[in-house]
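Student: I have a model open and some labels to check. Can we go through them one at a time?
Tutor: Yes, ask away.

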Amino acid sequence: MSDALVMDRDEALEICARALEASTAEQTEVNLLASRSGLTRFANNHIHQSAAETNAEVLVRAAIGNQVGIASTNDASAEGLRDVAERACALAAAATSDEHFPGLPAPGEEPPTLHGNAATAAFGPAERAEAVRECISVASERGQSAAGACSADVWAHAVANSLGARAWQESSVAHVRMVFAGEDSSGYAETYAEDASTLQPRELAEVAADKCERSISPRAVDPGRWDVILEPPAVTDAIFHLSVVAFNGLACLEGRSPICGRIGEQVCGANITLVDAPLDPRGIRRAFDFEGVPRRRVELIREGVAQGIVHDSRTARRAGTHTTGHAGPASSTWGPVPFNLFLSPGEATVDEMVAATERGLLVTRFHYTNMLDPSAAVLTGMTRDGTFLIEGGEIVGGVRNLRFTEGLLEALSRVDMIGRNGWLDDYVWAPALRIRDFRFSGATEF
Amino acid sequence: MEDLTKLAVEAAVAAGASYADARVVDRRSERVRVKNGAVEALTDGRNRGLGVRVIAGRGGAGAWGFAGCGELSAGEARAAAVRAVELARAAATTIGEPVRLAEVEPVVDSVPAPVQIDPDDIPLDDRLALLMECDRQMRAERVEIAVGSISVLHQRQHFASSEGASIYQERVETGAMLEATTIADCGACRRSYPSSHGGQVMSRGWELINELDLPAHAGPLAAEARTLPDAAECPAGRMDLILAGGQLALQLHESCGHPIELDRVLGTEASYAGTSFLTPEKLGSFRYGSDRVNITADATLLGGLGSFAYDDEGVPAQRSWIVRAGIFTGYLTSRETAARIGLAASNGSMRADGWARLPLVRMTNVNLEPGELSREEIIASTERGILMEDNLSWSIDDKRLNFQFGCEIGRLIEDGEIAGMVRSPSYTGITPEFWRSCDAVADAATWRIWGVPNCGKGEPGQTAHVGHGVSAARFRDVQVGVTSDE
C-alpha cells in the first residue's frame, strides 16, 4: 500500500505518461498538481467558514520546432488527458516561432524526492476547529475578538517530459494566522510549518493578545523619517516584493530590475546576505521547478553585494547561462522568481533593539504592500495590528497606523541591528531589522 | 450539470444539512499574448468541478460547511456533500449567532450569455495577426517592450438549492490590452491601452475587440511611452486632481467598492483583507462624499464585467444605491449578512471564483453615476491641477481610509489647459475627505464601464471579475507626488 498523502509517484507519473503519449508534438512537457486542502476561518470569536477541496490539474506544454502551445485541464481521465494534449498540440501548430524557446530541459541530475508531512495531511476539520478554539479561548479570556484562519494543505507535484525527464515530490503546509481586536487596538500572530503538529496556536494567541493589549489608545504620531524596528513579518513582506522585481531573470533581461547591470556591486549594507535555498529545512521545501529541473541554491546578495539572479531555461538561454531551476508554470509570463528566501540573521533580540532605540517605532507587520516604482524597488504599504512608539529604550504605547513609501535597497543600506531569530511566511525566512531613518509618508485615523 | 447539483443537494440534506446549495462550474479560458514580435503565451485552459455549501450542526441552525471536488461523478458529488456536512458540524463547535438567511424566491431559469459575436468564431490566426500588427506598430516607435494580449473566458454554471432553485447561466468575457514600455535612466516608463493591468475586459463577445480598435492606438501609445522619460517628474504638494478612465475606476474600487462589502464590515475578513470604516451605524447618515457623488451597485448593466442574471445564492441581479448625493445609503450583501443587519432581502452580491470556492460578498458593477459637465469643461475650469491616467500601483489601509496610488502618466493643467506630461505621478488621501472634495463629475458622454478582472479577496484566495462605470471627476486640494520628503 502506498504511503503517499495525495498521489504517489507511480500514479502521478502514469498520468503524465498518458498525456505524453497522446501528444503528437516534437517535444512535450506535462505538469501534474494534485492537491487536498482544508481551511477553517474564524471571526468575532466563532468559526464562519469551514471548507475543503480536492483537485488535480494537468498542464501540457507542446512544442513543434520553436512553436509552443500550452493547455490545461483538471480532468485526468483518459479522455481528458487526450483532449488536453491535442489542444496543446493544436496551439503549437498555430503559434509563430519563438526564438527564445530553448527546447525542453534534457534529463539531468535527479531532484531529491520530498515527502509531505503525515500530521499535516491528517489535520482535518476537527483538528483545525480545536486549534481555532484555543485561539478564541485566549481572546475571550482577554475580552478581545479573534479573527483568523487555520489551514492544512498537501499536494503532489509531478513533471515529465518527452526527453525522459521525470520528477515527483509531495509538499505540505500548515498555517494559522490570527488578529485579535479590542476597542481601538489590534494584535497579530501567524505561523507556517510543514508539520501541523508544531503550530502551537495557544502560544501564538498569547502573542496576538499581548500586542492588542499593549497598543490600546493609540496616539497619533507624525509621518517622516523614523528609526524603526521591523518585526519579521514586516521584513518578509518587504523582502518578497524586492525579490520578485529584483532577482527575476526576465526582469533583469528586460532592464526592469533595480539590480540590472549591478551584479558584483554593493547594492545595500554589508550586513545583508540573502539567498534562495529551496531545500533549507527552515522553509517550505521545493525540490524542483515546473520544468522538472532541480532548484539550485542561489546567492542573491552577499554582504551587500549583488551576486546573482534566478533563471528558468528560457531566460537562461537569453542570458547565456544555465537555468537555476526557478521556472514557474508554462502559462505564466511573470518570469522566474525565488520562492525560498533566507535573510541571514544577526545577533540581537527584538528586546535588545528596543532597548538600544532612543526614539523610534516598532512595526509588527505591513498591510497591502505594493511597488510604487518596481525599477527602483520603491515599496509602499501600511502598518497594522501592533505599531508601537519607543522612547528612551522602552515601548511606551501604541501609535496609529502609518503609511511608508521607501526604496528597499536604500533602506537595507541603513540596517544597524539584525535579529537572531527568524520567522517563516511561506516564501521568506527573515529576522527582525532595525533601520535608521525609515520613511513614513502618511498616516491613517486608527 | 443539473443532475449533479441536485444529487449533491439531496445528499447534503440526507446527511443532515438544514440548507444546501451546489454549483457545477465549467470554465474554458484562452489567452494569446505577444511580446516583442513573438508569441509569449498561447494557452487554453479547461476547468470544471462541483462545490457544495451547507448549513448543518447545532440542530440545523449551525454553521457553514463547503466542499469542492474537481472530479464530476455521482459518487464524488455525494462524497462532497457528506464532507461539507462534516465540515459544518466541526465549525458549529464554536458558539456564534445561528445562521439566518434573508428570504429569496427560488427560481428556475436558464440564461444564455449576451454576446453579439462569439469569440469562438474568430480563428486563432486572426487573433494573432491582430496582435502582431499592433506589436509591429509599437516597436516601430522603438520602445524596449511591446506587449499585446487578448483573453476570452467561457463559463457554464448550474446552481441548485434545497429551497428549489435551479438556474443555468452562461458567461462570456472578452478582453484585450496593449502595453509599451521604455527603459531609461529614470526607470521603466509604461503606457497602456485601453487601461493598465490587463486592459479592458467585459462580459461581451468579440464586438468589444472590434470597438477597441487596437491597431489605431498602438502607434500613438508607444510614441507616448517613448517620450515619457523626458517629461518632468510629478510635482509634490497639494493641487487639484482629475481622475479618468481606469484610474477613477480603481479609485472607486478600492475606496468604495471594498468598504461596502457587508461581510467585511461585519468582520469576517478582519485577519486578512481587513474591515471597513463604513460601519452599520453610518448607514443612511454618513457623508461619504460631496453632493456630486452618486454611486450605485448594478449587476444588470449590459456588458459589465460584474453583470449576471443571478448571483451564487440564486438572488436576481439588482441595481441599488450605495451613495446618494454624498450620503452613504447601502451595502453589497449576501442573504446571511442582509439578515444580520435587519434587511428583508439581499441585493444579490454573492459570487464565487469557480466551483472550488465558497461564495463571498463581492462587487458587481460599482459605478460613479455621471454628472453634468463635460470632461473638457472640467479641465477648462481647473486653474492648476493634474490629470492622472492608468494605474501603476495601489495600496490602502485595512479599514479603507488611507490610500495611495501611482499612475502611468500625468498631464499638468494650467489655466484650464493641458500644459504637458509628467512621469511617475502619484497621489494620496483619506477616503471620505477625498470624495467630499469632489466638485465635478463628467457627464455621460465619456461614461463607460471598466472591467477589473483581478479583484482579490478571501481565503483561499479568490479572484473576482467586477466592473466600474465612470467618466471623469475632479477632486480639490489633493496631496500629489508622494515620493518626496517635502
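Student: What share of the 486 residues in chain B is buried?
Tutor: This is a predicted model, so the values are computed from it. Buried residues make up 66% of the 486 residues in chain B. The label needs a relative accessible area under 20%.

Student: What makes chain B as compact as a globular protein of that length?
Tutor: Set the radius of gyration against the globule rule. Chain B has 23 Å, and the rule gives 23 Å for 486 residues, so the chain is as compact as a globular protein of that length. The C-alpha trace spans about 70 × 55 × 35 Å along the principal axes of chain B.

Student: What is the secondary structure of chain B?
Tutor: Ten helices and 24 strands.

Student: How much of the contact set in chain B links residues 24 or more positions apart?
Tutor: Such pairs account for 74% of the contacts with a separation of 6 or more.

Student: And what does the accessible surface of chain B come to?
Tutor: About 16100 Å². Carbon and sulfur atoms hold 48% of that surface.

Student: How far apart are the mean positions of the positive and negative charges of chain B?
Tutor: They are 3 Å apart, taken over 48 positive and 68 negative charges.

Student: Which residues touch the most other members of the largest nonpolar core?
Tutor: B:Tyr288, B:Ile295, B:Leu368 and B:Tyr427, out of 56 residues in that core. Helix α6 of chain B, residues 245–257, gives the most to this core, with five residues. A second, separate core has 48 residues, including A:Ile259 and A:Leu389.

Student: Why is A:Lys211 called buried?
Tutor: Its relative accessible area is 12%. The cut-off is under 20%. A:Lys211 therefore counts as buried.

Student: Where does A:Lys211 lie, and what is it in contact with beyond its neighbours within four places in sequence?
Tutor: A:Lys211 lies in helix α5 of chain A, residues 201–214. Its contacts outside that window include A:Tyr188, A:Glu231, A:Asp385 and A:Phe388. A:Ala122 is 89 residues away along the chain, and its C-alpha atom is separated from that of A:Lys211 by 32 Å.

Student: Why is B:Asn36 called partly exposed?
Tutor: B:Asn36 has 30% relative accessibility. Buried needs under 20% and exposed over 50%. The value falls in between, so B:Asn36 is partly exposed.

Student: What is notable about the phi of B:Asn36?
Tutor: Phi is positive, about 45 degrees, although B:Asn36 is not a glycine. B:Asn36 is found in the loop between β1 (19–35) and β2 (38–56) of chain B.

Student: How do you know that B:Asp415 is exposed?
Tutor: Its relative accessible area is 66%. Exposed means over 50%, so B:Asp415 earns the label. Phi of B:Asp415 is also positive, near 50 degrees, in a residue other than glycine. B:Asp415 is found in the loop between β18 (402–414) and β19 (417–423) of chain B.

Student: What kind of peptide bond joins B:Tyr193 and B:Pro194?
Tutor: A cis bond, with omega about -5 degrees. B:Pro194 is found in the loop between β7 (187–193) and β8 (200–202) of chain B.

Student: And what kind joins B:Glu459 and B:Pro460?
Tutor: Cis too, with omega about -10 degrees. B:Pro460 is found in the loop between β22 (448–457) and β23 (462–470) of chain B.

How values were computed:
Residues numbered from 1 in each chain as written. Chains lettered and ligands numbered in written order. Predicted model: local features only at pLDDT ≥ 70, side-chain atom pairs only at ≥ 80, totals over all residues. Heavy atoms only, no water. Core = buried A, V, L, I, M, F, W, Y, C linked by side-chain atoms within 4.5 Å. Buried < 20%, exposed > 50% of the residue type's maximum accessible area, 1.4 Å probe, protein only. Helix = DSSP H or I, 4+ residues; strand = E, 2+ residues; numbered from the N terminus. Rg over C-alpha atoms; globule rule 2.2 N^0.38 Å. Contact = heavy atoms within 4.5 Å. Areas by Shrake-Rupley, 256 points an atom, 1.4 Å probe, with all protein chains shown as cover. Lys, Arg positive; Asp, Glu negative; His and termini not counted. Charge placed at Lys NZ, Arg CZ, Asp CG, Glu CD.
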